[in-house]
Amino acid sequence: MAVNNNHGNGVMETDCRKSEWVRLNVGGTTFLTTRTTLGRDQKSFLYRLVQEASDLNTDKDTDGAFLIDRDPSYFGPVLNFLRHGKLVMNKDLAEEGVLEEAEFYNITDLIKVVKDRIAERDAKLNQTFMKNVYRVMQCSGQELTQMVSTIPDGWKFEQLLNIGSHYNYGSEDHAEFLFVVSKECPTVLNGTDEPSDRAKVLQLKGTRI
């Protein structure tokens with residue numbers, strides 16, 4: 001009798017272990033997980049789905065997996081979040097897609113995490129930086145004094161480049177100059193900002209004078 005009882009207990013324990021595992025057929029892709037994982041958020045669709053007396057009328061496929069008509073590529077991050085509490089996504093997935101699934105499954109913590117990540121991403125994309133805008137004006141030696149005295153507000157003198165003269169003779173008044181001024185302007189960037197090619201050339205010339 002003792003042998004039979006022990007054998008019976010073993011069968012019951014095996015059945016319990018088996019019943020802990022759940023198959024989900026999400027958009028044609030099968031996921032294997034546990035009731036414990038799916039029950040992390042007791043207000044979620046997935047928690048309700050795996051209850052013995054579920055109020056959800058969900059069909060199963062021929063292998064006994066619950067059928068869920070959602071995108072399987074976005075279900076992976078949802079399931080992994082329930083497993084370890086972290087949002088891990090492939091680079092080809094959009095946060096908005098994960099948010100859509102999190103809201104469908106009603107996983108409160110994941111909704112908050114994804115919204116925070118979207119806000120952080122958008123803030124980086126919309127950061128405002130100040131960059132220098134360069135204006136280059138050509139003038140003769142005679143016009144140089146007037147050019148300096150009429151620099152518009154907000155602009156500052158940067159460089160004066162002597163580009164020679166059209167004449168083979170004459171005074172300094174015949175020389176031609178490039179008069180360079182700059183102004184700081186706000187710009188929205190999503191990466192590192194570099195000077196324009198023309199500004200780079202002018203800066204390079206300036207270092208050689």
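Here is a walk through some salt bridges and one helix packing in this structure. Keep in mind as you look that this is a predicted model.

Let's begin with the charged side chains. Searching the whole structure turns up six salt bridges. A good one to find on your screen is the pair Arg121 and Glu95, whose closest N and O atoms lie 3.0 Å apart. This pair links distant parts of the chain, since Arg121 sits in helix H6 (residues 108-125) and Glu95 in helix H5 (residues 95-105), 26 residues apart. How accessible are the two partners? Arg121 has a relative accessibility of 26% and counts as partly exposed. Glu95 has a relative accessible area of 14%, so it counts as buried, because the limit for buried is under 20%.

Arg121 has another partner too. Its side chain also meets that of Asp122 in a salt bridge, at 3.0 Å from N to O. Like Arg121, Asp122 is classed as partly exposed, in its case at 28% relative accessibility. Through shared partners, salt bridges join Glu95, Glu96, Arg121 and Asp122 into one network. If you are colouring residues as you read, those four make a handy group to pick out together.

Now stay with helix H6 for a salt bridge of a local kind. Lys112 pairs with Asp116, with 3.0 Å between the closest N and O atoms. Both residues belong to H6 and are four residues apart, which is about one turn of the helix. Lys112 has a relative accessible area of 54% and is therefore exposed, as the class begins over 50%. Asp116, at 41%, is partly exposed.

From here, turn to the way helix H5 meets helix H4. Two packed helices are described by the angle between their axes and the distance between the axes. For H4 (residues 72-84) and H5, the axes come within 9 Å and cross at roughly 65°. That angle makes H4 roughly perpendicular to H5, because the range for this class runs from 65 to 115 degrees. As for its hand, the crossing of H4 and H5 is right-handed.

Which residues bring the two helices together? On the H4 side they are Tyr74, Phe75, Pro77 and Val78, and on the H5 side Gly97, Val98, Glu101 and Tyr105. Sorted by class, this contact has six nonpolar residues, one polar and one charged.

So helix H5 is a useful place to return to: Glu95 in H5 pairs with Arg121 in H6, while residues including Val98 and Tyr105 in H5 meet H4.

Note on methods. Residues are numbered from 1 along each chain as its sequence is written. This is a predicted model: local features need pLDDT of at least 70, side-chain atom pairs count only at pLDDT 80 or more; totals for chains, interfaces and linings use all residues. Side-chain values use heavy atoms; hydrogens and water are left out. Buried means under 20% relative accessible area, exposed over 50%, partly exposed in between (1.4 Å probe, protein chains only). Axes are lines fitted to C-alpha atoms, for helices over the stretch in contact, and angles run from 0 to 180 degrees between N-to-C directions. Angles under 35 degrees count as roughly parallel, over 145 as roughly antiparallel, 65 to 115 as roughly perpendicular and the rest as oblique. A crossing is left-handed if the near helix is turned anticlockwise from the far one by less than a right angle, and right-handed if clockwise. Contact means heavy atoms within 4.5 Å. Ala, Val, Leu, Ile, Met, Phe, Trp, Tyr, Cys and Pro count as nonpolar, Asp, Glu, Lys and Arg as charged, and the others, Gly among them, as polar.
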